[in-house]
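Colleague: Could you take a close look at the salt bridges in this model and set out how they are placed? Please add a few words on a buried aromatic residue for contrast.

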Amino acid sequence: MGHEHLERYRDIIPDFDAFLDFMSRTLPVTARINTLKTSVPELLSRLDRAGIGYERMRWYPLGLRLDAEKPGRLMEFHMGLIHVQEEISMLPPVVLDPQPGERILDLCAAPGGKAAQMSMQMSNRGVVVANDSSSARIVPLRANLERLGAVNTIVTSYDGRRFPEYTFDRALVDAPCSSEGTARRYPEVISRCSVKRSMDLQSLQVSLLRRAIQLTKPGGVVVYSTCTFAPEENEGVVSRVLDLADVESFTVHGLRSSPGLTSWNGTDYGEELVKCRRYYPHENDTGGFFVAKLRRRLPACE
């Protein structure tokens with residue numbers, strides 16, 4: 001793996017040698033129980049009868065670590081009873097916390113795991129607009145939503161930077177990124193990472209996040225997430241929308257994390273950014289992630 005590129009994070013990642021060790025390890029196989037089609041006891045009973053080993057996640061009652069090499073071949077997957085999803089990628093919908101009856105925007109939704117998770121959290125009541133600008137990714141997005149029974153979803157394919165005017169209660173921006181945090185599953189991603197690539201992505205990420213905030217009602221929540229460690233794509237993005245929204249603290253019990261950075265390589269992001277959370281592979285034996293919870297500011301009183 002390209003440790004040379006990751007060395008630039010030595011001063012910001014705690015226990016950096018343990019981080020490098022975990023980046024070389026195989027990622028656990030994980031899945032989310034889909035309560036739109038089954039219950040936790042029913043699903044666990046099916047796994048027991050099939051002789052499939054599992055371990056419940058400490059922080060998320062619907063998350064499982066499976067003793068299965070190819071979970072996508074299980075009948076439970078094809079029936080939509082489970083969705084194969086990396087453990088830490090189940091986090092952004094948990095932080096967003098969509099409620100039944102609300103209008104939710106998932107601005108970069110493909111392949112649909114998080115959009116379906118939000119439909120499940122809403123018991124299929126209200127609406128989730130699952131948008132992705134890539135027409136090629138719309139096919140798997142639709143297939144996953146259908147398989148998982150997420151019937152309160154609308155699929156759109158706008159450029160998220162120019163998503164049409166509408167008002168949502170909450171929005172998720174799981175932005176396109178350099179994907180360093182997926183290297184345990186796809187080691188080749190590191191060879192494509194560079195500071196220049198992160199800076200190129202930053203412009204797109206800022207535009208997507210600004211549009212999501214503009215489309216969210218005043219006082220509404222927007223969650224911004226990436227699967228990369230690059231501060232340019234994380235705190236560097238959030239710091240550029242603070243004229244529209246405030247960063248809020250959040251805690252997920254049972255999941256270890258590190259605070260957001262307030263500065264990086266001479267760039268000051270602001271003290272507020274410490275409220276963001278960074279999730280490193282060696283903290284929970286997962287992939288890497290960054291999550292920020294933002295609340296759109298209320299209009300100033302005249």
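Modeller: A residue counts as exposed when its relative accessible area is over 50%, as buried when that area is under 20%, and as partly exposed in between. Glu 165 has a relative accessibility of 61%, so Glu 165 is exposed. The model is a predicted one.

Glu 165 is one half of a salt bridge whose other half is Arg 211, with 3.1 Å between N and O. The two residues lie 46 positions apart and link distant parts of the chain: Arg 211 belongs to helix α8 (residues 195-215), while Glu 165 sits in the loop between β7 (153-156) and β8 (168-174). The relative accessibility of Arg 211 is 12%, and Arg 211 is therefore buried. This bridge thus joins a buried arginine to an exposed glutamate.

Arg 65 and Glu 87 form another salt bridge, and their closest N and O atoms are 2.8 Å apart. Here too distant parts of the chain are linked, across 22 residues: Arg 65 lies in strand β3 (residues 63-67), and Glu 87 in the loop between β4 (82-84) and α5 (91-96). In this pair both Arg 65 and Glu 87 are buried. The two residues also belong to a network of salt bridges that takes in Arg 184 and Asp 285.

A further bridge brings together the side chains of Arg 25 and Asp 21, at 2.6 Å from N to O. Arg 25 has a relative accessible area of 38%, so Arg 25 is partly exposed. Asp 21, at 36% relative accessibility, is likewise partly exposed. The bridges described here are among the 21 salt bridges that the structure holds.

For the aromatic residue, take Phe 250, which is found in the loop between β10 (245-248) and β11 (258-259). Its relative accessibility is 12%, and Phe 250 is buried because that value is under the 20% cut-off. Leaving aside residues up to four places away in sequence, Phe 250 touches Val 95, Lys 275, Arg 277, Tyr 279, Val 291 and Lys 293. One of these contacts, Lys 275, is 25 residues from Phe 250 along the chain, and the C-alpha atoms of the two are separated by 7.5 Å.

Key: Residues numbered from 1 in each chain as written. Predicted model: local features only at pLDDT ≥ 70, side-chain atom pairs only at ≥ 80, totals over all residues. Heavy atoms only, no water. Helix = DSSP H or I, 4+ residues; strand = E, 2+ residues; numbered from the N terminus. Buried < 20%, exposed > 50% of the residue type's maximum accessible area, 1.4 Å probe, protein only. Contact = heavy atoms within 4.5 Å. Salt bridge = Lys/Arg side-chain N within 4 Å of Asp/Glu carboxyl O.
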